[in-house]
Every structure is written in C-alpha cells, then in structure tokens.
Amino acid sequence: MSTLPRLNGIIRALEQGKPVFVTFAPIETTPVMALRSSPYDGLVFELEHSPYDIRGLTDSLQYLLDRRQIH
C-alpha cells in the first residue's frame, strides 16, 4: 500500500524530526494566497487583535488549500 504525502507541513516536519517554521497572517485572502506556496511548514492566523470573524477565517482556509495537491 502506497503512502500519500502529508499535506500538513507541520506534521510532516515533526515526523521527520525536523524543526517547524511557521508565520503569522491576518485572516485576509490576499496574504493567504501569497503564503500558500511559501516554504513555511504552517500558518498561524492572527485573531487576537481584531474581532472574531468566522467568515473571514473560513475564506482564508479555503484560499490556503491548493486543490492540485488533493488526489
């Protein structure tokens, strides 16, 4: 049985015993689309200094997904 590659860069790095590198981003689609192909292992959405926006978070998560990686 073949093993599919991990889409979660944080879990992949930890399984390989490597350090994890993340960055912070606002819940806006433009920065998320730019960070989607960045070399970071993960992304932390900055929600502490603004009102909680579940629709913005949902949109940001959708734009973070690269559908070409899904088999």
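Biologist: What share of the contacts between residues at least 6 apart in sequence joins residues at least 24 apart?

Modeller: In the protein chain that share is 36%. Keep in mind that this is a predicted model.

Biologist: Fine. How do the elements run from the N terminus on?

Modeller: The order is α-β-α-β-α, so you get 3 helices and 2 strands in the protein chain. The C-alpha trace spans about 45 × 25 × 20 Å along its principal axes.

Biologist: Let's pick residues, then. What makes T23 count as buried?

Modeller: Its relative accessibility is 17%. The cut-off for buried is under 20%, so T23 at 17% falls on the buried side. T23 sits in strand β1 and touches L35, Y40, G42, L43 and V44, once residues up to four places away in sequence are left out.

Biologist: And L35 is on that list. Why is L35 called partly exposed?

Modeller: L35 has 23% relative accessibility. Buried would need under 20% and exposed over 50%, so 23% puts L35 in between, as partly exposed. L35 belongs to helix α2, residues 29-35. Beyond four places in sequence, L35 touches T23, A25, Y40 and L43.

Biologist: How do you know that L35 and T23 touch, and how far apart are their C-alpha atoms?

Modeller: Contact here means heavy atoms within 4.5 Å, and T23 is among the residues that L35 touches. C-alpha to C-alpha, the two are 9.0 Å apart, with their positions 12 residues apart in sequence.

Biologist: What makes L47 partly exposed?

Modeller: L47 comes in at 26% relative accessibility. That is not under 20% and not over 50%, so the label for L47 is partly exposed. L47 lies in the loop between β2 (42-45) and α3 (54-64). Its contacts outside the four-place window are I27, Y52 and L57. The C-alpha atoms of L47 and T29 are 14 Å apart, at a separation of 18 residues along the chain.

Biologist: Now helix α1, which holds I11. Why is I11 called partly exposed?

Modeller: At 35% relative accessibility, I11 also lands between the 20% and 50% limits, so partly exposed is the label. Its C-alpha lies 8.6 Å from that of D41, although I11 and D41 are 30 residues apart along the chain.

Biologist: Which residues make the nonpolar surface patch?

Modeller: I10, L14, V20, V22, F24 and V44, with about 480 Å² in the patch. Two elements give two or more residues each: α1 (9-15) and β1 (22-25).

Biologist: V20 is in there. What makes V20 partly exposed, and how does that fit the patch?

Modeller: V20 has 32% relative accessibility, which is between 20% and 50%, so V20 is partly exposed. Patch members need over 30%, so V20 at 32% meets that cut-off. V20 is found in the loop between α1 and β1.

Biologist: Zooming out, how much of the protein chain is buried?

Modeller: Buried residues are 17% of the 71 residues. The accessible surface is about 5800 Å², with 57% of that belonging to carbon and sulfur atoms.

Biologist: And the charges: how far apart are their mean positions?

Modeller: 11 Å, taking the 7 positive charges against the 8 negative ones.

Definitions and conventions:
Residues are numbered from 1 along each chain as its sequence is written. This is a predicted model: local features need pLDDT of at least 70, side-chain atom pairs count only at pLDDT 80 or more; totals for chains, interfaces and linings use all residues. Side-chain values use heavy atoms; hydrogens and water are left out. Helices (H or I, at least four residues) and strands (E, at least two) are DSSP runs, numbered from the N terminus. Buried means under 20% relative accessible area, exposed over 50%, partly exposed in between (1.4 Å probe, protein chains only). Accessible areas come from the Shrake-Rupley method with a 1.4 Å probe; for residues, only the protein chains shown count as cover. Lys and Arg count as positive and Asp and Glu as negative; His and the chain ends are not counted. The place of a charge is taken as NZ of Lys, CZ of Arg, CG of Asp or CD of Glu. Patches are made of residues with over 30% relative accessible area and no salt bridge: like charges are joined within 9 Å, nonpolar side chains (Val, Leu, Ile, Met, Phe, Trp, Tyr) within 5 Å. A salt bridge is a side-chain nitrogen of Lys or Arg within 4 Å of a carboxyl oxygen of Asp or Glu.
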